[in-house]
Amino acid sequence: MKTEIFSWLHLSDIHFQPDTGSFNDDLVRESLPVFIEENQMKGKVLVISGDFRFAPKKNETNANQAIDYIRKIAVRVGVDDHHVVLVPGNHDLERSKSRDNQILGTRKDYDVNVGTIDKGVQSLLTHDFDFYNSVKEPFKNSLNLEGDNPHGIIDMGCCYLLLLNTSLLAGMDDEAHQLILGSRYVNSLLSVSAEKKPIIAVGHHGLSLLENSEQKEITRLLDSKGVRLYLCGHEHDNWVSHFSEHGKQVNVGCMKQGNDDVIVGFEYGRIYDNGDADVTTYKWDRDSKCWYKDKPNSKYWDKLYDMEPQSPAATTVLEKRVEMTPHSFMLKGYQLIGGLGCDGIKYVWEKGQNLFVESLAFNQRIRLQPTEADTKTSAYTISSSLGCMLSTMRQQCIFCQTGAQSFVPLTAEDLALQAIFMAEYDSNCPSYPEVRSNMREFAFMGQGEPGYCYDAVKRAILLTDFAMKRIDQTVSRYIISSCGIMDFLPSLIQDCKNGIYSNRVTLHFSLNAIDGDRDQIMPINQTYNYQDVIAMCHKLYQVIHEKIGVGILLLVDYKTTSGKYISLDSKKLKEILGKLDPEVFKVDLCTVNKTDLGSQRPLSNEDANKYLQLSKDMGFESKIFASFGDGEEMGCGMLRSSISNLSDPGSTTIAHFNQAIELLNEAKKNI
């Protein structure tokens, strides 16, 4: 018997124009939320594929009015802001003569076999989407147009949503059959296809509107990577067609009736655990003023997706050599931390081809003045992405090496595999038997900002918990380390309140500075002010009843690459601590590691202990945190995932990796 695993409601072309909309427009918009609720169309996400305004009347459209209407629909679908997914349309950009020239030049220079667009031109083209950026601002899982890749992919746990900006080269009258996506950008996002989870693509334009050679390459790529559904709009009509041998394209009508001869429509879709999928489309009858099922364009497909579990490759023993089980996220090698690995191990993973990220396994939790509990707890840091998503918004922390790298998302399974492998290895560690009985502490604080992928982190925790129970390991806690992203905190608080997690889950807030100093070293503060984060931490504390760690960097005449100097002193530390309640927060004073991004004079033990004592005198539970493996460039802010000086996995390491894969696969079947 099949079970629904994913569902969505899809709208397009809402063309919000409240000031001069027609009576029919009003009826359409007012009746839709009621119709959705009456027919119980609950979904995991609300998808809107572009054109949030009507461009000729763009000055009449206020982004907040469009946002309010989207939220009204989202409530009926049963989703919050985190589960609203948007991509831009051709009405959501600013047109100009200079844009026309950039488009014409790109068309002329583009080579489908290269599949990229000049970075400078791409940046200029994306800057024209100010209205779209205003609309999508509250909906963080929508397509972000900043960064090297104009497209994006979201891990929804049971499937992926591939978000395409088909409007990147839109804006000219002759744009039909001239649009370009950049095949290389799309391909780089589809390395997840080996996961055998359904992939649904979303874009504004139908694929037939791409430039001819680009259309052939993109459809070939989507078909080969297992994309079986493409959701779009633009043409103000309901229809279903093939875009490849296996792929189905679902186009929905607009949400602006007026007196035009257009189809007003939307769709409700579902995927099941056996690979079946169905979409039900609906139309608005202008004469009878009601919604009805559009039967010709409502489809059910048997086995649209290949949902058969991947059978593990047979382990081959040849001259006592063990082969690693193939997986989309592979262990590349390792490097010992400290003499003979006395401090732990750095593991480097490969995602796709030549994309590397690291995770760290420390034999004990604290390096300086550890307590007995610290020495009996193995600490693992998990990377939540390659590079950091903040870099795509140009808001990366100026002292962090990770923020200087290109961003590539990781899946929940990628996160969980890091945790499961390291803990499973240590549960029978051949070199340091004393760590076998340690408690396991997992911190999402390697590469990446876990606040931007909380759904993946949440699923990774559930998968890891299952695996730890299977191998009788005791979990101390999970730590989500964030620079202060607000949006995921209400979900974390609610999940903790609802008892979603079987082990402790807490937050670490990398504060480091306040006010103007924080704006300089952590530009994200201009989007999410630290005082709002502190207020949300108080709410989390009321639920978890565990003090929340606050990180403060011990900056000593820190010189940035731009030549600015930033330094901590006793007065500044008092001001920072004055913003915190010692009943709610505890303090980690963190040494600053060497990176390519800045430098500082050495911190003396005298100064470090002075700051530690000041913190304690103000009533805070405090410690000095210094990274293990400073020389290996693997501490806080230093992560760069170099593959030089790596040791190849031996038969013991490979056997543990294979065991971790088995545990992960079992967890996936049960979570």
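Trainee: How do helix H11 and helix H13 pack, angle-wise?
Mentor: This is a predicted model, and in it H11 (residues 489-497) and H13 (residues 530-544) pack at about 5 degrees, with their axes 9 Å apart. Angles under 35 degrees count as roughly parallel, so H11 and H13 are roughly parallel to each other.

Trainee: Which residues of H11 and H13 make the contact?
Mentor: From H11 you have Leu489, Pro490, Leu492, Ile493, Cys496 and Lys497. H13 brings Val533, Met536, Lys539, Leu540, Val543 and Ile544.

Trainee: And how do those residues divide into nonpolar, polar and charged?
Mentor: Ten are nonpolar, two are charged, and no polar ones take part in the contact of H11 with H13.

Trainee: Okay, new topic. At what angle do H10 and H16 cross?
Mentor: Roughly 115 degrees, and the axes of H10 (residues 454-470) and H16 (residues 651-670) come within 9 Å.

Trainee: Is that crossing left-handed or right-handed?
Mentor: H10 passes H16 in a right-handed crossing. The residues in that contact split into six nonpolar, one polar and four charged. Among them are Arg459 and Phe466 in H10, plus Glu666 and Asn670 in H16.

Trainee: Now the sheet: what order do its six strands come in?
Mentor: E4-E5-E6-E7-E9-E8, an open sheet with mixed pairing.

Trainee: Which strands are at the edges?
Mentor: E4 (152-155) and E8 (239-242), and each of them pairs on one side only. Ignoring direction, neighbouring strands are turned by 20 degrees against each other on average.

Trainee: What about E7 and E9, parallel or antiparallel?
Mentor: Strand E7 (residues 227-232) and strand E9 (residues 248-251) pair in the parallel sense, over four bridges. For Leu229, the bridge partner in E9 is Lys248.

Technical notes: Residues numbered from 1 in each chain as written. Predicted model: local features only at pLDDT ≥ 70, side-chain atom pairs only at ≥ 80, totals over all residues. Heavy atoms only, no water. Axes fitted to C-alpha atoms, helices over the stretch in contact; angles between N-to-C directions. Helix = DSSP H or I, 4+ residues; strand = E, 2+ residues; numbered from the N terminus. Left-handed = near helix turned anticlockwise from the far one by under 90°. Contact = heavy atoms within 4.5 Å. Nonpolar A, V, L, I, M, F, W, Y, C, P; charged D, E, K, R; others polar. Parallel < 35°, antiparallel > 145°, perpendicular 65-115°, else oblique. Pairing = 2+ DSSP bridges.
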